[in-house]
Amino acid sequence: MAYGPASGVDAAERNYPDRIFRQTYVLPEGLKADDLSGLQMTLGLTLSAQAPGLQPFNAELTQAMGGQCAAVFAGRTGRYVPATPAQFAIAEKAAAMPASPPTPADSVAFACAAQSMLFQLAQIDARVSDAQLADLAREIQRRFAADWLSLDLLRQPGLAEAAQRYVALFRRVSLLRRVGGAVPADLPAWLLEGQVRQGLLALQDAKTFGALDQTVTASESHWLAAQPRRAK
């Protein structure tokens, strides 16, 4: 697949046939997480070469697509910094261990991000018509409906704070699992499985976040208490 704007006079005067447009700018189904991660890097480099200074996942892209991938929004909005002795100890041990394999949720998130970058490349391609972009935007919304944040949802004032809460909680649970800590089975599926959209919607409620934060904090403290003491 070749990405980016075509060159020459003909490219500016006529549009792609739909078949060629889809071959160029529609992400194939069934790609593995590792392949999708590498593809994102390639698309980022292509975007930088084709449109220097253009920011990936910018506001213009979100408006044109009619929304944004929930995982992209959370990843660009929230961050996790350990804040307690247990969290520091868990993060330190996890950093020395092999990375966890990608999950099905990771694959969906990587695919949604890669398709968004393809859309952004299509935006700067002179041979892509407005109708093709509009059709692709609708297709993206359908394909990634489970991970999609509409423009209306993105305008909700509590969504950015929910993203911070989600990223922190999900990262804490993931690290605790990696070091062999006991994770309560009654945690919601969206937290255990990385279902970002559902998590963002749920964590706009401060009480929901507070209860989950207490539960995860107790599990972290229990893990730390069970660790052998280091000799001084």
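Me: I'd like to start with the sulfurs. Which residue does a disulfide join to Cys69?

Reply: Cys112 is the partner, and the S to S distance is 2.1 Å. As a general idea, a disulfide is a covalent bond between the sulfur atoms of two cysteines. Keep in mind that this is a predicted model, so read the geometry as the predictor's output. A search of the whole structure turns up 1 disulfide.

Me: What parts of the chain does the pair tie together?

Reply: Cys69 sits in strand E1 (residues 67-69) and Cys112 in helix H7 (residues 104-123), so the link ties together parts that are 43 residues apart in sequence. The torsion about the S-S bond is -90°, making the link of Cys69 and Cys112 left-handed.

Me: Are Cys69 and Cys112 buried or exposed?

Reply: Both Cys69 and Cys112 are buried.

Me: Before going on, how should I read the confidence? What pLDDT does the chain average?

Reply: The idea is that pLDDT is the predictor's confidence in each residue, from 0 to 100. Here the chain averages 91, and 93% of the residues score at least 70. Watch residues 5-9, though: pLDDT stays under 50 there, and the model has 9 contacts beyond four places in sequence for that stretch.

Me: Now helices. Which residues of H6 are buried?

Reply: For helix H6 (residues 85-95), they are Ala86, Gln87, Ile90 and Ala94. The trick is to look down the helix axis: the buried residues of H6 fall within an arc of 95°, so they line one face of the helix. On the other side of H6, Pro85 and Ala95 are exposed.

Me: What do the buried residues of H6 pack against?

Reply: They pack against helix H10 (159-178) and helix H13 (206-225). Take Ala86, which lies in H6. Its relative accessibility is 5%, so Ala86 counts as buried. Leaving out residues up to four places away in sequence, Ala86 touches Glu220, Ser221 and Leu224. Ala86 and Thr217 are 131 residues apart in sequence, yet their C-alpha atoms are 8.4 Å apart in space.

Me: Let's try H8 as well. How many residues does H8 have, and how far does it reach?

Reply: Helix H8 (residues 130-143) has 14 residues and reaches 20 Å from its first C-alpha to its last, close to the 20 Å expected at 1.5 Å a residue. Its buried residues are Gln132, Leu133, Leu136, Ala137, Glu139 and Ile140. Down the axis of H8 these fall within an arc of 165°, so they line one face of the helix. Asp130 and Arg142, on the other side of H8, are exposed.

Me: What covers the buried residues of H8?

Reply: The cover includes helix H2 (18-25), helix H4 (59-65), H7 and strand E2 (148-150). H7 is also the helix that holds Cys112.

Me: Last topic, the rings. How many aromatic pairs does the structure hold?

Reply: There are 4 aromatic pairs. To read one, take the centre distance and the angle between planes. For Tyr16 and Tyr25, the ring centres are 6.4 Å apart and the planes stand at 70°, so the pair is edge-to-face. Both Tyr16 and Tyr25 are buried. Another pair, Tyr166 and Trp190, is tilted, with 6.3 Å centre to centre and 35° between the planes. That pair links distant parts of the chain, with Tyr166 in helix H10 and Trp190 in helix H11 (residues 189-193), 24 residues apart. Both Tyr166 and Trp190 are buried.

Me: Which residues form an aromatic cluster?

Reply: Tyr16, Phe21 and Tyr25 form one.

Methods
Residues are numbered from 1 along each chain as its sequence is written. This is a predicted model: local features need pLDDT of at least 70, side-chain atom pairs count only at pLDDT 80 or more; totals for chains, interfaces and linings use all residues. Side-chain values use heavy atoms; hydrogens and water are left out. Contact means heavy atoms within 4.5 Å. Buried means under 20% relative accessible area, exposed over 50%, partly exposed in between (1.4 Å probe, protein chains only). Helices (H or I, at least four residues) and strands (E, at least two) are DSSP runs, numbered from the N terminus. The arc is that of the directions from the helix axis to the C-beta atoms. A disulfide is a pair of cysteine sulfur atoms within 2.5 Å. Rings of Phe, Tyr and Trp (its six-membered ring) pair if their centres lie within 6.5 Å; planes under 30 degrees apart count as stacked, over 60 as edge-to-face and the rest as tilted. The expected span of a helix is 1.5 Å times one less than its number of residues.
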